[in-house]
Number of protein chains: 2
Amino acid sequence: MQFDDKVPIYYQIKNYLYHRMVAGELGLGDKLPAVRQLAVDLTVNVNTVQRALREMIAEGYIAPQRGRGNFVTQDAAKIATLKQQLTTTYIQDLYGQLHALKLTDAEIIAEIKAYIQHRGDADD
Amino acid sequence: MQFDDKVPIYYQIKNYLYHRMVAGELGLGDKLPAVRQLAVDLTVNVNTVQRALREMIAEGYIAPQRGRGNFVTQDAAKIATLKQQLTTTYIQDLYGQLHALKLTDAEIIAEIKAYIQHRGDADD
DNA sequence: ACTAGTGTTATATCTTTCTATAACACTATA
DNA sequence: TATAGTGTTATAGAAAGATATAACACTAGT
């Protein structure tokens, strides 16, 4: 994984894991990869992984079991809420940015549609 | 202005000024506020402002005149390109994020429309 | 010449993030 | 009861970003 050097790595790891949870790649109650394994996979230090997990644990998305591993919460509603939160936040940010650039609502939607259209010509 | 503590302040200042340039609040050839004034307005150190300006100068968006002030480039095409770049980057980011959350193209557009609709009920 | 307004640069110090390394604590299984 | 796999914590050092403070360089108007 490649990181944006403008944002703390531990923070990006949090978001990465949240994404995988919301996307269902890490299901309810699933065991996460071992911290040392995550550190190797992400090419970062164990402490950095732990920093991310610590916060996710504090927020209740991950339940740690000493000696056994870290597990995704069983709370489906919590994940659903997270998905909605992330979605809204991203859209809110985009809208704020483009609005600041003086694009109208119509232009914003048009630009997005154009991007998706244009994108269909390629992969995915 | 309030800063996101997850991103370097100098970097946020750059984006803030780019936005103002693209939005036309800082027109072609306009003089920017004095660096010390900017520092006061943004509640930030002069060196931090200078760090942002230095990069913008290197990128050719600002032309400094020692003893007189900093001036927005006269190159209209450069600003137009910047606007397009910023717009595309933001949309690309949003799409990438929501796609990673497993939202379909249709859902993405629907969510954005819903947000804008819902937003019309309020301010602006 | 002086002065006020401007950009530019430098130093020392603090905080946050990240790293390498190591040790400690617990679980499960051979 | 060893041992391998796991989470947890600590220490010391490096690097980046900000800060306060100060000095230097140039321009324009008096």
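## Surface near DNA strand D

A residue is near a strand if one of its heavy atoms lies within 4 Å of it. In this predicted model, 24 residues surround DNA strand D, and Arg36(A), Asn47(A), Gln50(A), Pro8(B) and Ile9(B) come nearest. Of the strand D atoms that come within 4 Å of the protein, 65% belong to sugar and phosphate.

Both chains supply elements with at least two residues each on the surface near DNA strand D: helix H2 (35–42), helix H3 (46–58) and strand E2 (69–72) of chain A, and H1 and helix H3 (46–58) of chain B. H3(B) gives the most, three residues. By class, this surface has seven nonpolar, nine polar and eight charged residues.

## Phosphate contacts

An N or O atom in the side chain of Gln50(A) is 2.7 Å from a phosphate oxygen of DNA strand D. For the side chain of Thr48(B), the distance to a phosphate oxygen of that strand is 2.7 Å, and for Arg68(B) it is 3.4 Å.

## Interface of chains A and B

Contact between the chains involves 34 residues of chain B and 34 residues of chain A. The two chains bury about 3,400 Å² between them, with 73% of it on carbon and sulfur atoms.

Two salt bridges are found across the interface. One joins the side chains of Glu25(B) and Lys102(A), at 3.4 Å from N to O. Eight residue pairs are in polar contact between the chains. On the chain B side, helix H1 (9–22), helix H4 (76–100) and helix H5 (105–120) each give two or more residues, and H4(B) has the largest share, 13 residues. That side has 19 nonpolar, six polar and nine charged residues.

Note on methods: Residues are numbered from 1 along each chain as its sequence is written. Chains are lettered from A and ligands numbered from 1 in the order in which they are written. This is a predicted model: local features need pLDDT of at least 70, side-chain atom pairs count only at pLDDT 80 or more; totals for chains, interfaces and linings use all residues. Side-chain values use heavy atoms; hydrogens and water are left out. Contact means heavy atoms within 4.5 Å. Buried area is the accessible area (1.4 Å probe) that two parts lose on being put together, summed over both. A salt bridge is a side-chain nitrogen of Lys or Arg within 4 Å of a carboxyl oxygen of Asp or Glu. A polar contact is a pair of N or O atoms within 3.5 Å; within protein, one must be able to donate a hydrogen and the other to accept it, and residues adjacent in sequence count only if both atoms are side-chain atoms. Helices (H or I, at least four residues) and strands (E, at least two) are DSSP runs, numbered from the N terminus. Ala, Val, Leu, Ile, Met, Phe, Trp, Tyr, Cys and Pro count as nonpolar, Asp, Glu, Lys and Arg as charged, and the others, Gly among them, as polar.
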